[in-house]
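Grab a pencil and open the structure viewer. The exercises below walk you through some strands, a helix and a contact, one step at a time.

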Amino acid sequence: MKVERKCKIISKEWLNPDAVFLVLEVGDMVRTSFRAPGQFVHIKCGDGLLLRRPISVCSCMEDKPDDLLSIIFEVRGEGTEWLANRPVGHSVDVLGLAGNGFSMKPEGRYLLVGGGIGVPPMMGCAQYSGGKSTAIVGFRSKDKAILLPQLEDSCAKVLIATDDGSLGYHGFVDALVRQELAEDSHYDAVLACGPKLMLRNVAKAAEEFGVPCQVSMEERMGCGVGACLVCACDMADGSRKHVCKDGPVFDSKEVDWDV
Amino acid sequence: MSEKKTLFLPKHNVGGALTGSRPDLSVRPSRSEQPLPTVDQSVTLAGMTMKNPVVVASGTFGFGREYNQFYDLGELGGICAKGLTLHPREGNPAPRIAETPMGILNSVGLQNPGVDAFIAHELPFLRQFDTRVIANISGNTPEEYGIMCQKLSQAGVDMIEVNISCPNVKAGGMAYGTRPELAAEVTEVAKAHAGAVPVMVKLSPNVTDITVIAKAVAEAGADALSLINTIRGMRIDVNTRRPILKMNTGGLSGPAVLPVAVRMVWEVSQAVDLPILGMGGVAKGEDAAQLMLAGASAVAVGTALFADPYAPLKVRDGLTQLAARQGLSQVSQLTGGVLPWN
C-alpha cells in the first residue's frame, strides 16, 4: 500500500558538489510499504514541474511516530536542483515506497555492485544482509566517491574502482566483479545498480560464473505507480515491462541488453 | 559525512508509545476541513448519469488498480480505461515521456493487453466500484472497431470511447481523426456494433478545423464527443541533439494545452448538438469549470494525476465549491454558460 504525504527533511548534507544526502520523516511509509532494499520514492520537485522525480531509497527504518528514510541524489536538472535547495525543517511531497526491491534475504550473502549515484541503494542492501556482503563500487574519480566509510562499516569487504584511477582500481567495476567471483563464487546473488552499460557488463560477468544477478534499471518515468506505462523496459522475450511497477529491479536474464 | 546513526536499517519498532497530537501531513483532501456545500454534482452524458462530472482520462489511469491504492474508485464520476486494441500491443520503445514547460510529451503507443484480456481480467475488477466504466478503443481498420464494440457491449461497459486520434501509432489512430469521411465511417461501424451502449468519439486537435470532423462524426450517429486528445510535439536535447522521445515526436498534454482545449470545446459545442466530455490540462476546479462553461457536460483529468494521485478528487471538490460560490444548485448548470464577447 503506497502512500503520498508531506515528509519533513530532518538532515541534509552535500556529499560532493553534485550529490545530496537527505533524511526524511516519512510517517508510516516504511511500515506500510517496505518490501526490500532497492525500492524508490517519487518526489514532487516544486510546483512548476509536472513530473515527480524517482529516487532510490538509500536506507530506511521503522520508527515511531515517524519512520525514517534516507536518499542520496545527484543534481542533474531543474527538479533535483529544487530538491537539493530545500532546507532542513521543510517538507516535501513524497509518494512511496514504490516498486519492488531486490529479492534478497537477511541471512544471505551478496556481491553488491554500485556505479556512481547507483551506489546508495547498495548501502541498504549491505545493511539488510547484516554485514556479510561484499561491495564493489565505481566512480568517475576520487572526488565523486560517496558512502565509502559507511560501506566499510556495513560490508565484509569493499573494493573500489575509478574511471581515472584516482582511487582504487583504474577501470570499471566489471573487472573487479570477475576478479572477486574468480576467487569466491559462493555468493547468493550479484545485486547491481548503476548506468545501463555497467549493468550489462556486470550481468555478463555474473553469468560467466553462474551466479544469479539482479539489476536495478532506470527510465524516464511518469506516474510512478504503474498506470501510465511510460517507463518501458525491453525484455529478452520481446515484451515490455515497466520500471516503476514491475521493477526497478529485474533478473538480469529477463532484460534485453541489446536495445 | 555524519555518523552511522544517520543511516537507517529496516527494523521493528521497539517501543515508544505515540504521545501527543501531530499535525496531519496527509496529502489526501480532507472533507472535514472543507465541508462541501450542498450542490448537486450529478451530470448526464449521452443518457449516462454520473455521480459527479469528473472522469479520469484514458491512458493516465491504467485500469484503475494502481490508484485504488490511494482512494475508492467509486469517488470518481467515471473511468476511461487505458486504450484497447483488438490484439495485445507492446507499444513504443522508451523513452516514452519528456517534460516540457507546463506539459509533458508522451509516446506510449497504445501498449495494452488487448480487448479480450480487458474483458476477462480488468472489467470485473472495475465493475466492483460504483462508478461509470468507459472503454477506449483503437483499431487499424473500421472492422476492428466493430469487433471491439460488439465484444465490449456484450461484456457490459457503460460507454465506449472511440479513439480516432492517437498520435503515437502508425496505422489507423490519428489518420481516422483527421479525415472526415474516415472518421464518419469508423463512427458508423462502431454504432452498428455497440448495441445500446453509447458511443463517444475522441477527437484530435491536430486538424485545421475541428468542427469539420465533429460534424462528420455527429452525422454518422455518435452519441457524444470527447476532446481534446494530445497535440503533437517534440523536444530536443541540445547537447546530444537527439529528441528526448525515442519516437522523435509525441503527444503534448498538461496545463499547457488547457486553453487549446477550452477553445476547441467551445467551437465544437456551437457546431454540433452532442454532449461533450472536455479534457486537456485540467488540474483544478477552475480548469474544469472553464471547459464546462465552454460547453462540456463532464471533464476528464489526466496528466495532473502524475504529480498528484488525488487530483481528480480535488478537481471535483474545487468545482463543487466554485459552483456553490456562484450560487448554483447543480454543477451541470455551468455547461455552456460562457458569455462570449460579440
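**Exercise 1: An open sheet in chain B**

In this predicted model, B:R232 stands opposite B:G251 in β14(B). Your task: work out how β11(B) and β14 of chain B pair, and which strands of their sheet stand at the edges.

*Solution.*
- Step 1: Start from that residue pair and look along the two strands. β11(B) and β14(B), residues 250–253, are joined by three bridges and pair in the antiparallel sense.
- Step 2: Now zoom out to the sheet. Four strands make up this open sheet, and their order is β5-β6-β14-β11 in chain B, with antiparallel pairing.
- Step 3: Read off the ends of that order. β5 (97–100) and β11 (231–233) of chain B are at the edges; each has a single partner strand, so one side of each is left without a neighbour in the sheet.
- Step 4: Check the twist. From one strand to the next, it averages 35°.

**Exercise 2: A barrel in chain A**

Find the order of the six strands in the closed barrel of chain A, then say which helix packs on the sheet.

*Solution.*
- Step 1: Trace the strands around the barrel. The order is β1-β2-β5-β4-β3-β6 in chain A, and the pairing is antiparallel.
- Step 2: Add the twist, which averages 45° from one strand to the next.
- Step 3: Pick one pair of neighbours. Strand β4 (residues 53–61) and strand β5 (residues 68–74) of chain A run antiparallel, with four bridges joining them. Across this pair, A:V57 stands opposite A:I71 in β5(A).
- Step 4: Look for the helix. Helix α3 (residues 120–128) of chain A packs on the sheet and touches β4 and β5 of chain A. Its direction makes about 25° with that of β4(A).

**Exercise 3: Where the chains touch**

How many residues does each chain bring to the contact, and which element of chain A gives the most?

*Solution.*
- Step 1: Count by chain: 52 residues come from chain A and 45 residues from chain B.
- Step 2: List the contributors. Among the elements of chain A that each supply at least two residues are β4, β5 and α3, which you met in the barrel exercise.
- Step 3: Pick the top one. β1(A) gives the most to the side of chain A that touches chain B, with five residues.
- Step 4: Sort that side of chain A by residue type: 26 nonpolar, ten polar and 16 charged.

**Exercise 4: Chain B as a whole**

What share of the 342 residues in chain B is buried?

*Solution.*
- Step 1: A residue counts as buried if 20 or more other C-beta atoms lie within 10 Å of its own.
- Step 2: By that rule, buried residues make up 54% of chain B.

Definitions and conventions. Residues are numbered from 1 along each chain as its sequence is written. Chains are lettered from A and ligands numbered from 1 in the order in which they are written. This is a predicted model: local features need pLDDT of at least 70, side-chain atom pairs count only at pLDDT 80 or more; totals for chains, interfaces and linings use all residues. Two strands pair if DSSP finds at least two bridges between them. Axes are lines fitted to C-alpha atoms, for helices over the stretch in contact, and angles run from 0 to 180 degrees between N-to-C directions. Two residues are in contact if their C-beta atoms, placed from the backbone, lie within 7 Å. A residue is buried if 20 or more other C-beta atoms lie within 10 Å of its own, exposed if 12 or fewer, and partly exposed in between; C-beta atoms are placed from the backbone. Ala, Val, Leu, Ile, Met, Phe, Trp, Tyr, Cys and Pro count as nonpolar, Asp, Glu, Lys and Arg as charged, and the others, Gly among them, as polar.
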